[in-house]
Amino acid sequence: MPSVVPHNNVAVRQFLTPFKSAFTIRLDGSTWPNWERTWIHADQYFRALLRPGKRKSITGLASRVGADQERLERFVRESAWEPAGVHDQLQATVPDAMNGPDAAIIVDGMEIPKEGNHSVGVGSQWCGATTSVDNCQVTINCTLARPGADRNADQRTWPLGSRLYVPKEWTGEDETVYDSQQEREQYAQRIADAAIPPEVSHQPKYDIAADLIEQAVDADIEHACVLGDANFGRRSSFRERLRELSKPYVLALETGGLNVVAESAPVLEPGPTDKRGPPRQYHTVPDDVDPETAEDIAGQPEDEDWTDVTWSEGTKGDLTGSFYWKRVRVCTDAYFGRVGKETGWLVLQRAHHSGTNDGEGELAAWLCWGLDESSLEDLVEWAHLRWTIEQYHRDIKQVLGADEFQGRTWRGFHHHMAIVMLTQAFVATHRLETGEQGAELDSFEEVTRQLVRIAAIQRLIDEHGLNRATAETIGTDMLRGFSEWS
């Protein structure tokens, strides 16, 4: 039998009740007519996302919970409730088992392929889902993750925030991005149709990520550091914002990109030089100190200087790699030998783990700031915790239909994503219960299936008067026969 608490009306209501104000009161404290109906539709949309079904269109969602399709569509497309209220409450209700001194805040982009040109924010850009430049939307997501005690699969993830990236064409603030007057007019119409608020301007993805992190930091969630891939790690302004927040970070690097020198290298102060010419305007290193990339440094240590570290247990055995770490100072201009104040650990992995433990892969590198006293093992574990947000994206797409929203408006997209986050948090809460008393955690998908199965059984008991044994037999048979779930 499933080890989770039964998913019935009481369980759902207990979880949703703390979020009621997010769906019935604006952030400024005001409300609107028929707010009670908004709350009813929030409950319906939430439940519908949990139900099995490949296409989670409004038609499908409404039919799964017996809701009025037109009203449910208006709820997600244009209702007055603000997604930020859901984000705030998610940050305020992080379970104790989710946060802690070994937890990390993670940011990453989630790409959603699209066929047309009218979905808000869609454009030709890198799409991880298709591994190519493609027509897609990109949302920047922020999560909190904590590693499993022993198994990689026992990691825990909690959603903290999400915001759509808007290409410049979708804001109308830069006329030079349009190839013609006709294209400018086309986008002007798309912007109006999507009802993008006038205060929304183009922001780089790393700036959106920094905003989401700052909001999470303001919520006083216990964590050790911030994690991100090389798309964020290579951005000096992103790292600077984290340092301004006093937030330690472990950020992946492009191994041939960032230039560094040894932290112990002498640094020349701005001022007069011994040579003829203008005084130095920046901190620099002497001419005999050459800036290096991660690739340069990786070829220098002897074999005995690398350390084998096992950070968790995967599905095919221990997750192990060979690591080297070095204290470095980041160059702000390698050509002129300019350096800044950013120092930390450069961590290299020469046998990049592929999940099979069958050989070496590509060199990997991370820059770790604010974690000077941490062990190499700690830095490795945090570096490899970043994969959890990729699993989060798979879960909310494949199970909850995060990428199947068919509306085109700014408000509708963020409404949909907010309830997806809320539903993921509900499943995550019950997933924790599968690991009570030291047991291994069930997968997100398995917990969702358990919740649906128990809800179906409970409905047969409550509404049709069946005894539990008969309800279990019929409920299981119906799920097996009419969906891919059982």
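Trainee: Through how many residues does a hairpin join β8 to β9?
Mentor: Start with the strands, where a strand is a DSSP run of E with at least two residues and a helix is a run of H or I with at least four, both numbered from the N terminus. Strand β8 (residues 307–314) runs antiparallel to β9, with seven bridges joining them, and Ser 312 stands opposite Leu 319 in β9. Pairing takes at least two DSSP bridges between two strands. The hairpin that takes you from β8 to β9 has a link of two residues.

Trainee: What kind of model is this?
Mentor: Residues are numbered from 1 along each chain as its sequence is written, and side-chain values use heavy atoms, with hydrogens and water left out. Local features need pLDDT of at least 70, side-chain atom pairs count only at pLDDT 80 or more, totals for chains, interfaces and linings use all residues, and the model itself is predicted.

Trainee: In the hairpin of β9 and β10, which residue takes a positive phi?
Mentor: Nine bridges tie β9 to strand β10 (residues 338–349), and the two run antiparallel. Lys 326, for instance, has Leu 346 of β10 as its bridge partner. Four residues sit between these strands, and the one with a positive phi, near 70°, is Gly 337.

Trainee: What is the bridge partner of Ala 262 in β9?
Mentor: Ala 262 brings us to strand β7 (residues 260–262), which pairs with β9 (residues 317–333) in the antiparallel sense over three bridges. Look across to β9 and you'll find the partner of Ala 262, Val 328.

Trainee: Is β1 largely enclosed or not, and how many of its 10 residues are buried?
Mentor: Buried means under 20% relative accessible area, exposed means over 50%, and partly exposed is in between (1.4 Å probe, protein chains only). Strand β1 (residues 104–113) is largely enclosed by the rest of the structure because the number of buried residues is nine.

Trainee: In which sense do β1 and β5 pair?
Mentor: It helps to look at both partners of β1. With strand β3 (residues 132–146) it runs antiparallel over 10 bridges, and Gly 109 has Ile 140 of β3 as its bridge partner. On the β5 (residues 225–228) pairing, Ile 105 stands opposite Val 226. That one has three bridges, and the sense is parallel.

Trainee: How are α14 and α15 oriented to each other?
Mentor: The axes, lines fitted to C-alpha atoms over the stretch in contact, give angles from 0 to 180 degrees between N-to-C directions. Under 35 degrees is roughly parallel, over 145 roughly antiparallel, 65 to 115 roughly perpendicular, and the rest oblique. Helix α14 (residues 410–433) and helix α15 (residues 444–464) come within 9 Å and cross at roughly 95°. So α14 and α15 are roughly perpendicular.

Trainee: At roughly what angle do the axes of α5 and α14 cross?
Mentor: These two are also described as roughly perpendicular. The axes of helix α5 (residues 69–78) and α14 come within 6 Å, and the crossing angle is roughly 100°.

Trainee: Which residues of α5 make the contact with α14?
Mentor: Contact here means heavy atoms within 4.5 Å. On the α14 side you have Arg 411, Gly 412, His 415, His 416 and Ile 419; on the α5 side, Phe 75, Val 76, Arg 77 and Glu 78.

Trainee: How many of the 16 residues of α3 are buried?
Mentor: Helix α3 (residues 35–50) reaches 23 Å from its first C-alpha to its last, close to the 22 Å expected, which is 1.5 Å times one less than its number of residues. Its buried residues include Trp 39, Tyr 45 and Phe 46. The helix is largely enclosed by the rest of the structure because the buried count is 12.

Trainee: Where does Asn 34 lie?
Mentor: Asn 34 has a positive phi of about 60° although it is not a glycine. With a relative accessible area of 56%, Asn 34 is exposed. Its place is the loop between α2 (20–24) and α3.

Trainee: Does Asp 220 count as buried or exposed?
Mentor: Asp 220 sits in the loop between α8 (205–218) and β5. Its phi is positive too, near 60°, in a residue other than glycine. At 69% relative accessibility, Asp 220 counts as exposed.
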